[in-house]
Amino acid sequence: MERDRSLVCSSLPSRIYFGIFSGNCDMVIGGRNVGDSLIAQFIYTGNGFYLQLNDLMRFSDLIDIIRRRFRFSSSDVFHLQYSSPGCPVIYLDSDLDFKMLFCCAKIYKLDHVDVNVVKDVGSSCSSKSVLFDESFSEIIDENDYLDDGFKDGPTKSYLSDDWGSYLLHKGQKFESVQDFRDKLRKYAVQTGFCYVLPRNDSLYVRAVCENHGTEKCGWEVIGSVAPINNCFYIKEFNNIHTCKGVLRNQTHRQLGSKIVRTCIESNVFLNLGLKPADIMSNFKSTYGFEISYKVASRAKKRCLEKMYGSESDSFSLLSWYKDAVLETNPGSSFVLEVEENTNRFQRVFVSYGGQVEGFKFSLPVLYVDGTFGKSIYKGQILSATGRNGDKGFFPLALCICDSETEDNWFFFLQAPEGFAGTAGKGNHLYQNKRNVVVLAQVLQKFFKVAYASTERSYYHHLQALRDEGGAEVIDEFIAEIPLENWCCAFFKGCRYGIMANSIAESFNKWIVAERSMPPLAMIDQTRMKEMKMMSERRVESKSWTTQLTPEMEKKLVERMHKACSFRVIASHESVYEVRDDEYSYSVNLSTHTCSCVKWQINCFPCPHALSAIQAARLNVYDFIDLYFSAEYFRMSYSFPIHPVSNVDSCTEESILPPITKRPAGRPKAKRIKSSGEKKPIRCGRCLKLEHHNRQSCTEPLNGQQ
């Protein structure tokens, strides 16, 4: 393709001609430095990209980059053109033109240039057909006449498109040797070839195409670290492949967890509950590559290790975290216990000052429960959770220990000074009875016994339960449990309508993602979730206009509606008889009691009591517990959990991870398949080649993993 350069460049100063014919541009511009760079924007059909040009680059390398970025085929023909002051069109078609671009930028003091990419129509072998007629010639695109299902869809852009321009030319600078390795991997993945490293150390890296030995492929890159600034520079770069099969695919053998980690770490930090399956799907739609479940899982693990260190190292940072919490959150309780002789981790307890103070304005009921940890060191997670006036849970304390033993429960409930006084408000509602098979009919009758409001009702339903389940079995079952711990009729005090441990189960589900983390990561991530939740609820409650919380206000409206159907007869002072078509009830407003006992159990006026209150022309809200008020709700969240900065995180104390024990219980009786029947896998917890995975692993650890 020939052009008349004397016409398009005639307006350039005469001193440029000397550089053109002599080939020495340095003399023209007065000794410019070799290796100057220039920012260029390449534009094609409204789309474009920026690229940093260097006069050490070859023109052929630039063409390859443009062809990849705009997805031109090898048969497409195009040319480049740009403009300068006084010359609207300057062609860029060779290495000489490429050098003149930098001369022009130096003369006119340009730091940026726009380059238009013009595709030569009719010179490429595409799907377009050219029809010639005596009267006209017209280019017809077959997509204009095809149904939607048969048209070529629009080309989608991926974040990995930039990876193909990570390696450009000799002399290219990288921040470190690790930065070069990361970009080399991405460059190979995007370009579509695999490489090997004949030499790879902290100062020198040599990479060649994997077909270097078989097909004598000449692709090679050599670089080293400069001692003056510790940056990595490319010393030699041959970017021409003489082998076959250099083509970008949806999968790549060298697309491992190290590359994926750099792409997903921001998403993982924002959402630690991100599952490997979600990572696989997002990576496909964002970067255009398919990765395996194992790669996605390992990449997420690398993200957590970058944030909190390895699982074994996180135990040593607990001593620093303890000091940081006590300094930033006054009134907090943080107890860390280790074995005296071995200095191995034993258990840790944490309750923040904002939680302790806020719990004073939530319901005086405490839920305690334990759940299993899912990190490689397993263990148990004990939690104490309160309940706010809007039927939501209020996290109070957390403990990580080796197992759910009586000693650990005593430590959790009594040892910490700041928590023991608060826990005294709580009521242990019931004890778990395990390894018991209960029929549905028996279970329903047991619930009737538990929810019985009076002693007479209790004995009536108990007899029905004994008849259904067998007197000996039922008597033995309930003999070990004090009646006041599980039956409403014998409970001394106010239960606030609480009979089940559902709030604690809700909290365990709320931290399901954090349970897979090592202790430090779990405690810190749980703190951030609790801090965010308290802030959101504090802001939300400021907009409430009702005297009670929304849930309790709704409950009050429903009961007020039911109260309209009763007839009220005054007895004396604050005592009233409330009747309906079938039953009558005695209500005493001064003692806040009703013969249905629901007012005493729920600490919230029943419909009979509300009917009597209205008959006495009194304010309904004066008979409702303050814990259900919007003001108490705001007060419970007015004590924030303060941030904990890790800028100066360091510790001199070395805490070893615990030695895990085999879980209690009988080993599986099911026959284990032989190695020939089932392929062994590498366990992510004990690192052994066995027939179990990370979740089902029960192997003891020596604390060195």
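In this predicted model, the structure holds zero disulfides. The sulfur of Cys399 has its closest cysteine sulfur in Cys401, at 4.6 Å, which is too far for a bond, given that a disulfide requires a pair of cysteine sulfur atoms within 2.5 Å. Cys697 is likewise in no disulfide, the nearest cysteine sulfur, that of Cys683, being 3.8 Å away. With regard to solvent exposure, Cys399 is buried at a relative accessible area of 1%, and Cys697 is buried at a relative accessible area of 3%.

The strand arrangement was examined next. An open sheet of five strands is found with the order β2-β1-β5-β3-β4, and the pairing within this sheet is mixed. Its edge strands are β2 and β4 (87-92), each of which pairs on one side only, and the twist from one strand to the next averages 30 degrees. Within this sheet, strand β1 (residues 37-44) pairs with strand β2 (residues 47-54) in the antiparallel sense, over eight bridges. Two of the positions along this pairing may be given as points of reference: Ala40 stands opposite Leu51 in β2, and Ile43 stands opposite Gly48 in β2. Strand β1 also pairs with strand β5 (residues 112-119), in this case in the parallel sense and over five bridges, with Ile39 standing opposite His112 in β5. Strand β1 thus has an antiparallel pairing with β2 and a parallel pairing with β5, in keeping with its place between β2 and β5 in the strand order. As a general point, the side chains of a regular strand alternate between the two faces of the sheet.

A further antiparallel pairing involves strand β18 (residues 567-572) and strand β19 (residues 575-579), which are joined by five bridges. In the register of these two strands, Val568 stands opposite Val578 in β19. Strands β18 and β19 form a hairpin with two residues between them, and Glu573, which lies in the turn, has a positive phi of about 45 degrees.

Charged contacts were then considered. In general, side chains of opposite charge can pair when their charged atoms come close. A search of the whole structure finds 20 salt bridges, among them one in which the side chains of Arg206 and Glu220 meet with an N to O distance of 2.6 Å. Because Arg206 lies in strand β10 (residues 204-209) and Glu220 lies in strand β11 (residues 220-225), this pair ties together parts that are 14 residues apart in sequence. Both members have intermediate accessibility, Arg206 counting as partly exposed at 23% relative accessibility and Glu220 being partly exposed with a relative accessible area of 24%.

Another salt bridge is formed by the side chains of Lys360 and Glu357, with an N to O distance of 3.3 Å. Here Lys360 is partly exposed, with a relative accessible area of 43%, while Glu357 counts as partly exposed at 32% relative accessibility. The side chains of Arg466 and Asp475 also meet in a salt bridge, for which the N to O distance is 3.0 Å. Of these two residues, Arg466 is partly exposed with a relative accessible area of 24%, and Asp475 counts as partly exposed at 34% relative accessibility. Beyond such pairs, Arg261, Glu265 and Lys306 are joined into one network by salt bridges that share partners.

Finally, the nonpolar part of the surface was considered. Leu443, Phe447 and Tyr451 make a nonpolar surface patch of about 280 Å². Of the residues in this patch, Leu443 is found in helix α14 (residues 440-450). Leu443 is partly exposed, with a relative accessible area of 34%, and this value meets the accessibility condition for a patch residue, because such residues must have over 30% relative accessible area.

Note on methods. Residues are numbered from 1 along each chain as its sequence is written. This is a predicted model: local features need pLDDT of at least 70, side-chain atom pairs count only at pLDDT 80 or more; totals for chains, interfaces and linings use all residues. Side-chain values use heavy atoms; hydrogens and water are left out. Patches are made of residues with over 30% relative accessible area and no salt bridge: like charges are joined within 9 Å, nonpolar side chains (Val, Leu, Ile, Met, Phe, Trp, Tyr) within 5 Å. Accessible areas come from the Shrake-Rupley method with a 1.4 Å probe; for residues, only the protein chains shown count as cover. A salt bridge is a side-chain nitrogen of Lys or Arg within 4 Å of a carboxyl oxygen of Asp or Glu. Helices (H or I, at least four residues) and strands (E, at least two) are DSSP runs, numbered from the N terminus. Buried means under 20% relative accessible area, exposed over 50%, partly exposed in between (1.4 Å probe, protein chains only). Two strands pair if DSSP finds at least two bridges between them. Axes are lines fitted to C-alpha atoms, for helices over the stretch in contact, and angles run from 0 to 180 degrees between N-to-C directions.
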